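I opened this model to look up two things. My topics are nonpolar packing and cysteines.

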Amino acid sequence: GWSSVKRRIEDCLSEVKLWMSEHWLKCNESKTEFLLLGKSSSLDKLTFSPSVDFGGVDIFPVSCTGTAGKTLGVYLDTNLNMERQVCNVRKQCGLILKNLWQVHRCLDHATKVLLIKQLIISRLDYCNVLYAGMPKRLLDSLQKTLNSCVRFVFGLHGHQEDYSRYLKQLHILPN
């Protein structure tokens, strides 16, 4: 049950703390967080508030909202479906594209390509291995961001039937 899992987690945290101190690193127990992951139906059935002792500090699970559940720039959610991450990436890319559209007349084709690759594609590519096995609707929403990039670079208005030829010209793999 929970007590054996809790003991294993606490033992692991103790080993991490020991390793850190042996390598002259400081561990701030009060800033340590943990996420409780699982299906929402399973998490709703919890009848207790799990906590873990770490160096005399009780750590309680944080919910995956706001900046909680963000690690290495990737937003996690309780059932690991990557929806928070995709929404965040799309939001960031949308704001960047909005700003780029305001100056698009001042940019030549090569500069547009460079800006798209550096500001948008780099965000889409970051930790993209986590997107494996993601639901099609989330992959489609990322594809819409790529399509918006194509429209920006090539000055296309309206939606196209097929963006793959443009993506190949930009050396970006289509879906």
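My entries on the cores and the cysteines follow.

**Entry 1: the main core.** I noted that this is a predicted model. I then looked up the largest nonpolar core and found 30 residues in it. Which members touch the most others? They are Ile116, Ile120 and Leu124. I listed the elements that give two or more residues to this core: helices H3 (83-102), H4 (109-125), H5 (136-154) and H6 (164-169). H5 gives the most, with seven residues.

**Entry 2: Leu124.** I picked Leu124 for its contacts. Leaving out residues up to four places away in sequence, I found that Leu124 touches Val89, Cys93, Tyr131, Leu142, Thr145 and Leu146.

**Entry 3: the other core.** I also found a second core, separate from the largest one. It has seven residues, among them Leu13, Phe34, Phe54 and Ile59. As background, I noted that nonpolar side chains in soluble globular proteins tend to be buried together.

**Entry 4: cysteines.** How many disulfides does the structure hold? I found zero. I checked Cys12, which is in no disulfide. Its nearest cysteine sulfur belongs to Cys27, 11 Å away. Cys12 is partly exposed, at 44% relative accessible area.

I asked the same of Cys87. Why is there no bond from Cys87 to Cys93? The closest cysteine sulfur to that of Cys87 is in Cys93, but it is 12 Å away, so it is too far for a bond. The cut-off I used is sulfur atoms within 2.5 Å. Cys87 is also partly exposed, with 47% relative accessibility.

Note on methods. Residues numbered from 1 in each chain as written. Predicted model: local features only at pLDDT ≥ 70, side-chain atom pairs only at ≥ 80, totals over all residues. Heavy atoms only, no water. Core = buried A, V, L, I, M, F, W, Y, C linked by side-chain atoms within 4.5 Å. Buried < 20%, exposed > 50% of the residue type's maximum accessible area, 1.4 Å probe, protein only. Helix = DSSP H or I, 4+ residues; strand = E, 2+ residues; numbered from the N terminus. Contact = heavy atoms within 4.5 Å.
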